[in-house]
Amino acid sequence: GCPTEWDGVSCWPALPLGQSRAAACPDIPHVFKEPEGLIQRNCTEQGWSLPSPPYHSACQLETLSNNDTEATARHFVTMKVLYTCGYSTSLAALLLAIGIFSCFRKLHCTRNSIHIHFFTSFVLRGCAVFVKDGVLFSDESIDHCTMSTVTCKAAIAFFQFSVLANFCWLLVEGLYLQTLLLLTFTCDRSYTWGYVLLGWGVPMVTVGVWALTRLQYDNHGCWDDYSSPYWWVIKAPILLAIFVNFLIFLNVTRMLAQKIWCPDLSRTHKQQYLRLTKSTLLLMPLFGVHYVVFALFPEHVGVGARLYFELVLGSYQGFLVALLYCFLNGEVQAEIRRNWGKWQRSMESNVFNLATQDFTA
């Protein structure tokens, strides 16, 4: 048959002799006017046939001047700079937030422990993006169609694990919020191990099954092709987590409205409900909405928009999470102010003692 081939525009997977394969025009900004066209290639005794119709005919290739080519290059360079800055900012904010929750003893509780795990999943996701870029795109001369090393496959597996863990811990945040409302703020630590198994265990098992499946049935390339049918092993749990979170969002909104409008509920309890729920209610519809929208379309449709949402806007999600759950949290701010005042009084006392000792001497 015909081996896997990279023709400079698209990647064509291996085919048996006599079969043909159709591929859609790649969605490359400023290159193709209409990326909806189809190109077909046949596997013959002489190898792969030429694309029919040609790319410039099926996809209506734009006439690019040198300025347009430079603009396209700047577009991708700018996108990389933006998401690199975004992930760097998110990593710094998340690590600081983890340090705050870990250092102050009064902030140690089940809710903040779940927040730490959630922050850690974002840290892993940011690190996975940098690792993947370093492995896959460190050398521009690499043929990404035929590249198939253990290192690049491990980088992709780590990236898929971090993304899936990210959505699973978002689901845990929603489940815990619903539990708090149902149990009237009774923190039951017996659920903690269940949350850990859901947040880390499910992604680990899922990615393990996906990796074994790819090794057995589809072991070509770096496993970064989303056209493979085995991609649904990863995609289905993510969509399920988003769907369940949406149902939790509706249920929490209903319960919150009932409790707030309850005439027997004190003002203090109403403020407590609002404070505990506002962050998660903001995050639930924010994260994963674009994922659901793009999941309804084939992987080759809207690549430019998909990259922008996944890389540029997605890179600042960790910073937003740290901001909502930690830095804007009234309990955290009060604890930081209390310890800051305690530290200042301790420093003043030490200075006074030193001055008194010098005066006495």
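1. A salt bridge is taken here as a side-chain nitrogen of Lys or Arg lying within 4 Å of a carboxyl oxygen of Asp or Glu. With that criterion, a search of the whole structure, which is a predicted model, returns 3 salt bridges. They are taken in turn below, followed by the sheet and the annotated segments.

2. One salt bridge joins the side chains of Glu331 and Arg111, with a nitrogen-to-oxygen distance of 2.8 Å. This pair connects distant parts of the chain, since Glu331 belongs to helix 11 (residues 330-360) and Arg111 to helix 3 (residues 110-136), the two residues being 220 residues apart. Their surroundings deserve a separate remark: Glu331 is partly exposed, because its relative accessible area is 34%, whereas Arg111 is buried, because its value is 16% and the cut-off for buried is under 20%.

3. Helix 11 also carries a salt bridge within itself, in which the side chains of Arg338 and Glu335 meet at 2.9 Å, N to O. Because these residues are 3 residues apart in helix 11, about one helical turn separates Arg338 from Glu335. Arg338, at 38% relative accessibility, counts as partly exposed, while Glu335, at 8%, counts as buried.

4. The remaining pair to examine is Asp218 with Arg214, whose closest N and O atoms are 3.6 Å apart. Is this pair buried or exposed? Both residues, Asp218 as well as Arg214, are buried.

5. Turning to the strands, an open sheet is formed by 3 strands in the order 3-4-5, and the pairing is antiparallel. Strand 3 (20-24) and strand 5 (47-48) are the edge strands, each of them pairing on one side only. Strand 3 pairs with strand 4 in the antiparallel sense over 5 bridges, and within this pairing Ala24 has Leu38 of strand 4 as its bridge partner.

6. On its other pairing, strand 4 (residues 38-44) meets strand 5, again in the antiparallel sense, over 2 bridges. Here Thr44 stands opposite Gly47 of strand 5, and Cys43 stands opposite Trp48, also of strand 5. Strands 4 and 5 together make a hairpin that leaves 2 residues between them.

7. Which residues of strand 4 lie on its covered face, and which on its uncovered one? The covered face consists of Ile39, Arg41 and Cys43, and the uncovered face of Leu38, Gln40, Asn42 and Thr44. The reason for such a division is general: in a regular strand the side chains alternate between the two faces of the sheet. Read together with the pairing, this puts Cys43, the partner of Trp48, on the covered face, and Thr44, the partner of Gly47, on the uncovered face.

8. As for annotation, the unreviewed UniProt entry places the feature "transmembrane region" at residues 81-104, 157-183, 195-212, 232-252, 273-296 and 308-328. Two of these segments can be set against the predicted coordinates. Over residues 81-104 the chain is 96% helix and 0% strand, with 35 Å between the end C-alpha atoms. Over residues 232-252 the chain is 100% helix and 0% strand, and the end C-alpha atoms lie 29 Å apart. The segment boundaries come from the UniProt record, and such annotations may be inferred rather than shown by experiment.

Note on methods. Residues numbered from 1 in each chain as written. Predicted model: local features only at pLDDT ≥ 70, side-chain atom pairs only at ≥ 80, totals over all residues. Heavy atoms only, no water. Helix = DSSP H or I, 4+ residues; strand = E, 2+ residues; numbered from the N terminus. Buried < 20%, exposed > 50% of the residue type's maximum accessible area, 1.4 Å probe, protein only. Pairing = 2+ DSSP bridges.
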